[in-house]
Amino acid sequence: MAKDETAKMSRDFGLLAALGVILVLAGLVGLIYTGVATLTSMLLFGWLLLIGGAVGLLHAIQARGTNFFWLGVVVAALNIAAGVVVISRPEAAAEALTMFAALLFLTGGVFRLAGSLVVRGTQFGWTLVQGAFGLLLGILVLASWPSSSKYVIGCFFSLALLFDGLGLIATGFGGRRIVGMVSERLAAEDGARSETDEPVAKPVQPE
């Protein structure tokens, strides 16, 4: 492994760790200002739907004359319409998405609880705890809905940023450490090889 190559890999891992630090800071700020994080995540989601719908519409136009054309147009139109609604009314979109998330927690918790009680496998305790936690979380979100929509989405979004950032930091520092260890070992092997390859001086014969 060349020296400039190891330096480049170490720099790339350093940039990865720096990106992780930025994500962690963004996640912490989002956990403090959950209302702003909810609004930001909904606007981001709306713009992603809008851009994805526009790109899908362009692909559908390029594929006109095929069976994919009308399906692509319908899907792109739905994405564009959903993006416009989410961008124009992010609070209502957050309320609907919070309700959907609460229902997912409820159904997931019920199914996990029922499955753990019926199957009683090796992961019985862990599955039971997961099911109870999901059921409780869904009930708590629904009990305070729609006011819970102001912080639930932002909290989840901020937690995702936080854990993704921690993962990038661990990957970046771990990668730099591995690259440093490999480069040191290769340098030691090259030094040992150069010493063994040195020509041995011939003894001078007496006259």
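Which residues does T38 touch, not counting residues up to four places away in sequence? I should like to open with that question, and to note at once that the model before you is a predicted one. T38 touches A94, S149, K150, Y151, I153 and G154. I shall return to several of these names in the course of this talk.

Allow me to begin with the overall architecture. The protein has six helices and zero strands. Read from the N terminus, its elements therefore run α-α-α-α-α-α, where each symbol is a helix. The protein has 207 residues, of which 24% count as buried. As for contacts with a separation of 6 or more, residues 24 or more positions apart account for 78% of them.

Let us now go back to T38. This residue is found in helix 2, which covers residues 34–62. Is T38 buried or exposed? T38 is buried, because its relative accessible area is 4% and the limit for buried residues is under 20%. Its side chain also takes part in a polar contact: a polar atom of the T38 side chain lies 3.0 Å from the backbone oxygen of K150. K150 thus appears here as a polar partner, and K150 is also one of the residues that T38 touches.

From T38 we move to M42 and the nonpolar core. Which residues make up the largest nonpolar core? There are six in all: M42, L49, V86, A93, A94 and I153. Helix 2 and helix 4, the latter covering residues 90–119, are the elements that give two or more residues to this core. M42 itself, leaving aside neighbours within four places in sequence, is in contact with V86, P90, A93, A94, L97 and I153. Two members of the core, A94 and I153, are also among the residues touched by T38.

The next topic is the largest pocket. Its volume is about 170 Å³. The residues that line this pocket are G35, T38, L39, M42, P90, E91, A94, E95, P146, S147, S149 and K150. Helix 2 and helix 4 are the elements that give two or more residues to the lining. T38 and M42, both discussed already, are included in that lining, and so is K150, whose backbone oxygen lies 3.0 Å from a polar atom of the T38 side chain.

I turn now to the aromatic residues. How many aromatic pairs does the structure hold? It holds one. The ring centres of F105 and F156 are 5.7 Å apart and the planes meet at 80°, so the pair is classed as edge-to-face. This pair links distant parts of the chain, with F105 in helix 4 and F156 in helix 6, residues 152–196, and the two positions 51 residues apart. On accessibility, F105 counts as partly exposed at 24%, and F156 likewise counts as partly exposed, at 34%.

Helix 6 offers two further positions. S158 has its place in helix 6 and is buried, with a relative accessible area of 1%. What does the side chain of S158 reach at 3.5 Å? The answer is the backbone nitrogen of L31. Leaving aside neighbours within four places in sequence, S158 is in contact with G27, G30, L31 and A37. G167 is also placed in helix 6, but this residue is partly exposed, with a relative accessible area of 33%. The C-alpha atoms of G167 and L16 are separated by 9.9 Å, although the two residues are 151 apart along the chain.

Another glycine deserves mention. G131 lies in helix 5, residues 124–143, and counts as buried at 0% relative accessibility. Its contacts, leaving aside neighbours within four places in sequence, are G109, R112 and L113. G131 and A114 are 17 residues apart in sequence and 8.4 Å apart in space, C-alpha to C-alpha.

Finally, I come back to helix 2, where V55 has its place. V55 counts as partly exposed at 38% relative accessibility, whereas T38, in helix 2 as well, is buried at 4%. The C-alpha atoms of V55 and I80 are separated by 10.0 Å, with the two positions 25 residues apart along the chain.

To close, let me return to the opening residue. T38 is a buried residue of helix 2 that lines the largest pocket and touches A94, a member of the largest nonpolar core.

Conventions: Residues are numbered from 1 along each chain as its sequence is written. This is a predicted model: local features need pLDDT of at least 70, side-chain atom pairs count only at pLDDT 80 or more; totals for chains, interfaces and linings use all residues. Side-chain values use heavy atoms; hydrogens and water are left out. Helices (H or I, at least four residues) and strands (E, at least two) are DSSP runs, numbered from the N terminus. Buried means under 20% relative accessible area, exposed over 50%, partly exposed in between (1.4 Å probe, protein chains only). A polar contact is a pair of N or O atoms within 3.5 Å; within protein, one must be able to donate a hydrogen and the other to accept it, and residues adjacent in sequence count only if both atoms are side-chain atoms. Contact means heavy atoms within 4.5 Å. A nonpolar core is a set of buried Ala, Val, Leu, Ile, Met, Phe, Trp, Tyr and Cys residues joined through side-chain atoms within 4.5 Å. Rings of Phe, Tyr and Trp (its six-membered ring) pair if their centres lie within 6.5 Å; planes under 30 degrees apart count as stacked, over 60 as edge-to-face and the rest as tilted. On a 1 Å grid over the protein atoms alone, a cavity is a set of points where a 1.4 Å probe fits but cannot get out, and a pocket is an open set with protein on both sides within 12 Å along at least five of seven lines; lining residues have an atom within 4 Å of a point. Grid points are joined across faces, edges and corners, and a volume is the space filled by probe spheres set on the points.
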